[in-house]
Structures are given as structure tokens and as C-alpha cells.
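Student: I'd like a close look at one part of this protein, with enough of the rest to see where it sits. Take it slowly and keep it informal, please.

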Amino acid sequence: MAPELSFFDTHAHYTDSAFDDDREDMIASVRAAGLIGAVNCGTDYESSLECIALAEKYDFLYAAAGIHPEDALKYSPDNMNKIKGLMDHKKVVAVGETGLDYYWDQVPRDVQKENFIANIRLALETGKPVIVHDREAHQDTLDILKKENVPAGKAVFHCYSGSAEMAREIIEKGWLFSFGGALTFKNARRAVEAASVIPMELLMLETDCPYMAPVPLRGSRNTSANIPFVAEKLAEIKGLDAQTVCEITNENALRFFGIAK
Ligand SMILES: [Zn+2]
């Protein structure tokens, strides 16, 4: 593993209770490991505030504010308005995470859709990109993003789990993809196939930490320090070296989130 890799984590949850015991030490250690920036994603209004508080503490941490599909029952125009009030904060770089989750299916699908659409419209209104969570809801997710006319460069499918065929539709729209630990899993044939057809300029790296630790650490608590395993895997798929993968995906992340170098 090249120790001098520098990488951007486009999707993290450092506010998660899994980090309560050692958050500061852990953030210092991932910074030392090569992390140049990370976006912590909110899942509702309160957790979005926590992401912002963390971003105020560390110059290399940023925040996304939005309502996750599993929290979609919290959606109301009033609650969305509160989230809108966060969008002017200088460390808030995206709306999210939001989307559709038909795997857990705890929240009625029409409620999830209403929430997803409201989050997208907030992104469109504020000019921010939207971080999309799509779990076993590929067609509806794609249909809604298309119907809402989300512009090129303004949406990312986080932890992309769709087919290569669906990826081609997303590529045509100019939306982005991020991959994390799941790309390294033994059963990741579908993700590997999808990654192989996606142009490098639409790819970003992520952890979704504390979840989704890559092989060989699968099942343990994930942190951004494990991103090089994902970079190595993507490099292998693309016939590049990990350093080049990091350089390109870092550029993509800074551009996507509108972060000045
Ligand atoms: Zn997430």
C-alpha cells in the first residue's frame, strides 16, 4: 500500500455513535493517513446540525444536510424549511443524504418519494449537488432524478449498486458515482462491471463509515484510512495506478462539492 496516497472521502458519518469513544483521535489519525477532505452526511435535521458542528471544528471536514429515506417520516414542509436554513452555511456543500430505500422498506414508498423530491428541489433551488442513496430502488430513483431535471454534475449515486446498463443512463445524464468498500467484496461482480464502464471523470471515492469496511477489513469499523483499498481496487479495474485514481477522484470531488483547492 502506497502510504503517501491523498484521498477525499465523499461520504462519511463521523457523527455516528460508533466514533463517540475516540472521535478526535480517529479524525487525527485519518488525516495523518492522507485524508484531504471528507463530507459528513446528515440523515435528518438534527444529524445535519451535528455534521455542521464537526465541520466547524475541522477545516478539512464538510457537511451535507438532508433527510435520508429511512427518516422520511420526519419529512414535512416545515422540517425541510429548517434544513433549507442550513444551506447558507459555508461548510454545507450538498443536500443529503436522501433517496429511496426499498431494502429496509420501513417507510411507505410514497412518503419516501415525497421526501426525495423535496430534497432534490432544495438542491436545485440552492444550486447544491444532491447525494443520492438508492437501495433496491433503481428505476424509481432514476425516474425521479430525470423528472426533476437534475443537471449534469449535480447528483451522485453513493455506494453505487446498480447495473452497468443503468450506469450508462446515469453517465448520459452526467451524474456521478461513488464507490466504497463494497467494491472490494468477493461478490461485487456487478459493481465491478458497472465501475468498468464509468468514465474516470464521473467517479469518486467514499467510505460510508462506520459501515462498509473494505476487504481485508470487512466487518470492522470503517474509517477514511481504508480508502486506499478501494482506490487500489478501482485502479485494478481501470488499469491505472492508485495514485492516479486518487488524483482524478479528488479533483472530481472538489469540483462536485464546489470546494476551492
Ligand atoms: Zn450514508
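What follows is a walk through one loop and its surroundings.

Tutor: Keep in mind from the start that this is a predicted model. Let's go to the loop between β8 (203-205) and α8 (227-238). One spot to look at there is the peptide bond from Cys-209 to Pro-210, which is cis, with omega near 15°. Pro-210 itself lies in that loop. On the sequence just before this bond, look at Asp-208, whose phi is near 60°, a positive value in a residue other than glycine. Asp-208 belongs to the loop between β8 and α8 too. Move along to Met-212, and you find phi near 65°, again positive and again not in a glycine. Met-212 has its place in the loop between β8 and α8 as well.

What makes these backbone details worth pausing on? Most residues other than glycine have a negative phi, and most peptide bonds are trans.

Now, are Asp-208 and Met-212 buried or exposed? Asp-208 is buried, because it has 22 other C-beta atoms within 10 Å and 20 or more is enough to count. Met-212 has 20 of them within 10 Å, so Met-212 is buried too. For background, 49% of the 261 residues of the protein chain count as buried.

Follow the chain out of the loop and you reach helix α8, where Ala-231 sits. With 27 C-beta neighbours inside 10 Å, Ala-231 counts as buried. Leaving aside residues up to four places away in sequence, Ala-231 touches Leu-5, Phe-7, Leu-205, Ala-242, Val-245 and Cys-246. Leu-205 falls within β8 (203-205), the strand on the other side of our loop. Ala-242, Val-245 and Cys-246 fall within helix α9 (residues 242-257). For a sense of distance, try Lys-146: Ala-231 and Lys-146 are 85 residues apart in sequence, and their C-alpha atoms are 30 Å apart in space.

Ala-231 also takes us into the middle of things. The largest nonpolar core has 79 residues, and those touching the most other members are Val-39, Ala-64, Val-156, Phe-177, Phe-179 and Ala-231. Helix α9 gives the most to this core, with 6 residues. Phe-177 is another good place to stop: leaving out residues up to four places away in sequence, Phe-177 touches Val-156, Phe-157, Tyr-160, Ala-167, Ile-170, Ile-198, Leu-202 and Leu-203. Notice Leu-203, which falls within β8 (203-205), the strand that leads into our loop.

Ala-167 gives us a way to a pair of helices. Helix α6 (residues 164-173) and helix α7 (residues 189-197) pack at an angle of about 35°, with their axes 8 Å apart. The crossing of α6 past α7 is right-handed. On the α6 side the contact is made by Ala-164, Ala-167 and Arg-168, and on the α7 side by Glu-193, Ala-194 and Val-197. By class, that comes to 4 nonpolar, no polar and 2 charged residues. So Ala-167 touches Phe-177 and takes part in the contact between α6 and α7.

For contrast with the buried residues, try Ala-152, in the loop between α5 (138-147) and β6 (155-158). Ala-152 is exposed, because just 11 other C-beta atoms lie within 10 Å and 12 or fewer counts as exposed. Ala-152 still touches Lys-173, Gly-174 and Trp-175, not counting residues up to four places away in sequence. Ala-53, in helix α2 (residues 45-57), is partly exposed, with 13 other C-beta atoms within 10 Å.

Our loop doesn't hold every cis bond in the model, by the way. The peptide bond from Gly-96 to Glu-97 is also cis, with omega near 5°, and Glu-97 lies in strand β4 (residues 92-101).

Last, step back to the whole chain. The secondary structure comes to 9 helices and 8 strands. The C-alpha trace spans about 50 × 40 × 35 Å along its principal axes. A compact globule of 261 residues would have a radius of gyration near 18 Å, and the 17 Å of this chain agrees with that. Among contacts between residues at least 6 apart in sequence, 72% join residues at least 24 apart. The touch between Ala-231 and Leu-5 is one you have already met.

Technical notes. Residues numbered from 1 in each chain as written. Predicted model: local features only at pLDDT ≥ 70, side-chain atom pairs only at ≥ 80, totals over all residues. Helix = DSSP H or I, 4+ residues; strand = E, 2+ residues; numbered from the N terminus. Rg over C-alpha atoms; globule rule 2.2 N^0.38 Å. Contact = placed C-beta atoms within 7 Å. Core = buried A, V, L, I, M, F, W, Y, C linked by C-beta atoms within 7 Å. Axes fitted to C-alpha atoms, helices over the stretch in contact; angles between N-to-C directions. Left-handed = near helix turned anticlockwise from the far one by under 90°. Nonpolar A, V, L, I, M, F, W, Y, C, P; charged D, E, K, R; others polar.
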